[in-house]
Amino acid sequence: MHLIAHTSWLEHTALVGVGLLAVGLYGWGWWRVGTMSTWQLVAWCAGVAALLVSVIPSMEEWAERSFAGHMVQHLLMIVVAAPLLVVAKPVTAVRGTGLFPEHATVTERSIARWWRGNGALLSAALFVGVLYITHLTAIYDTALSNRWVHDLEHVAYIASAVALWAALRATGRSAATARIGAVFAVIAGSALLGVILLSASSPLIPTYEAVRGTAGALGDQRAAASLMWVGGMATTLPLLLISVWSWASAEQRIAVRAESLSDTRTAAANDAVLVNSSRTER
């Protein structure tokens with residue numbers, strides 16, 4: 001059976017070309033900016049490489065035959081590629097190329113402020129929604145036989161995961177509790193989905209049942225549910241640590257600024273006292 005996209009080396013070669021173009025464009029911007037770290041360049045290259053590995057022909061063929069294989073493919077996108085791409089700060093690098101305005105417009109700054117306040121919960125809802133829609137509806141089975149649905153499914157995974165990692169990695173005090181709440185929402189949502197897949201008494205994907213038989217498809221489905229549990233922990237624990245760390249860092253910066261401002265005001269008050277004393281003595 002030959003169903004889904006990118007199972008030929010010709011198609012994969014084209015994807016590799018797109019990946020090399022992405023690395024080249026990022027590297028140009030990274031070099032021109034001059035202040036970005038080497039680790040960010042490495043993260044971008046590794047993130048692009050992880051995406052390419054997730055769609056190599058052998059991976060696509062495994063995903064075609066197995067729910068567990070498809071789960072591994074998705075975890076490569078969500079748990080490995082997405083955080084690496086976010087750490088790389090591609091927007092900064094792309095602006096450095098000179099192809100786009102170097103400074104954010106008023107509209108972009110307004111959108112950024114809105115996203116800092118609302119992005120955590122919205123991205124968590126989007127991420128969990130994509131997981132449920134693609135795993136518990138006919139979309140998943142359709143994606144195994146329709147290349148466009150297949151590609152859109154992968155775009156949805158990557159986009160929602162990148163949005164989630166970016167929103168929860170953001171700094172700032174105002175939305176700190178929302179970021180932590182969003183992490184727990186992802187934990188609860190992915191855990192419930194894992195339970196649904198694990199406890200199902202019959203295969204949920206007709207294509208896999210036709211290929212592997214009822215018993216084989218059910219065992220494969222439970223293996224995929226177990227991978228989802230592991231992948232969920234691999235995703236949410238770092239997100240929780242990052243959210244708490246960002247909150248603590250913001251609080252520390254505020255405390256340092258407040259202490260610095262207090263010291264400045266105290267020094268100014270002492271100087272004023274000394275000046276007044278000097279005038280009085282005269």
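Student: Is Thr134 buried or exposed in this structure?
Tutor: Happy to start there, keeping in mind that this is a predicted model. The relative accessible area of Thr134 is 5%. The cut-off for a buried residue is under 20%. Because 5% falls under that limit, Thr134 counts as buried.

Student: Which helix holds Thr134, and which residue of the nonpolar patch lies there too?
Tutor: Thr134 has its place in helix 6, the stretch that covers residues 106-136. Within that helix, the patch member is Leu136.

Student: Which tyrosine side chain makes a polar contact with the side chain of Thr134?
Tutor: Thr134 has a side-chain polar contact with His135 at 3.4 Å, but that partner is a histidine. Leaving out residues up to four places away in sequence, Thr134 touches Ile139, Tyr140, Glu153 and Tyr157, so there are two tyrosines to consider. The side-chain polar contact, at 2.6 Å, is with Tyr157.

Student: Back to Leu136: what is its exposure class?
Tutor: Leu136 has a relative accessibility of 37%. Buried would need under 20% and exposed over 50%. Because 37% falls in between, Leu136 is partly exposed.

Student: Which helix gives the most residues to the nonpolar patch?
Tutor: The patch covers about 650 Å² and is built from Leu136, Leu192, Val195, Ile196, Leu198, Leu204, Trp229 and Val230. Two helices each supply at least two of its residues: helix 9 (176-199) and helix 10 (206-281). With four residues, the top contributor is helix 9.

Student: How many helices does the whole chain have?
Tutor: Reading along the sequence gives the pattern α-α-α-α-α-α-α-α-α-α. There are zero strands in the chain, and the number of helices is 10.

Student: What share of the contacts with a separation of 6 or more joins residues 24 or more positions apart?
Tutor: Ala63 and Tyr208 illustrate a large sequence separation, being 145 residues apart in sequence with C-alpha atoms 9.9 Å apart. That C-alpha distance is not itself a contact, since a contact means heavy atoms within 4.5 Å. Counted over the chain, the share for residues 24 or more positions apart is 77%.

Student: What is the relative accessible area of Ala63?
Tutor: Ala63 sits in helix 3, which covers residues 57-65. It is classed as buried, and the relative accessible area of Ala63 is 0%.

Student: How far does helix 2 reach from its first C-alpha to its last?
Tutor: Helix 2 spans residues 38-54, which makes 17 residues. Its buried residues are Gln40, Ala43, Trp44, Gly47, Val48, Ala50, Leu52 and Ser54. At 1.5 Å a residue, 24 Å is expected, and the reach in the model is close to that, at 24 Å.

Student: Which loop residue has a positive phi although it is not a glycine?
Tutor: Most residues other than glycine have a negative phi. The exception you are after lies in the loop between helix 4 (67-87) and helix 5 (90-96). It is partly exposed, with a relative accessible area of 40%. With a phi of about 50°, the residue is Lys89.

Student: What distance separates the C-alpha atoms of Ala22 and Pro90?
Tutor: Ala22 belongs to helix 1, residues 9-33, and is partly exposed at 26% relative accessible area. Along the chain, Ala22 and Pro90 are 68 residues apart, and their C-alpha atoms are separated by 9.9 Å.

Note on methods
Residues are numbered from 1 along each chain as its sequence is written. This is a predicted model: local features need pLDDT of at least 70, side-chain atom pairs count only at pLDDT 80 or more; totals for chains, interfaces and linings use all residues. Side-chain values use heavy atoms; hydrogens and water are left out. Patches are made of residues with over 30% relative accessible area and no salt bridge: like charges are joined within 9 Å, nonpolar side chains (Val, Leu, Ile, Met, Phe, Trp, Tyr) within 5 Å. Accessible areas come from the Shrake-Rupley method with a 1.4 Å probe; for residues, only the protein chains shown count as cover. A salt bridge is a side-chain nitrogen of Lys or Arg within 4 Å of a carboxyl oxygen of Asp or Glu. Buried means under 20% relative accessible area, exposed over 50%, partly exposed in between (1.4 Å probe, protein chains only). The expected span of a helix is 1.5 Å times one less than its number of residues. A polar contact is a pair of N or O atoms within 3.5 Å; within protein, one must be able to donate a hydrogen and the other to accept it, and residues adjacent in sequence count only if both atoms are side-chain atoms.
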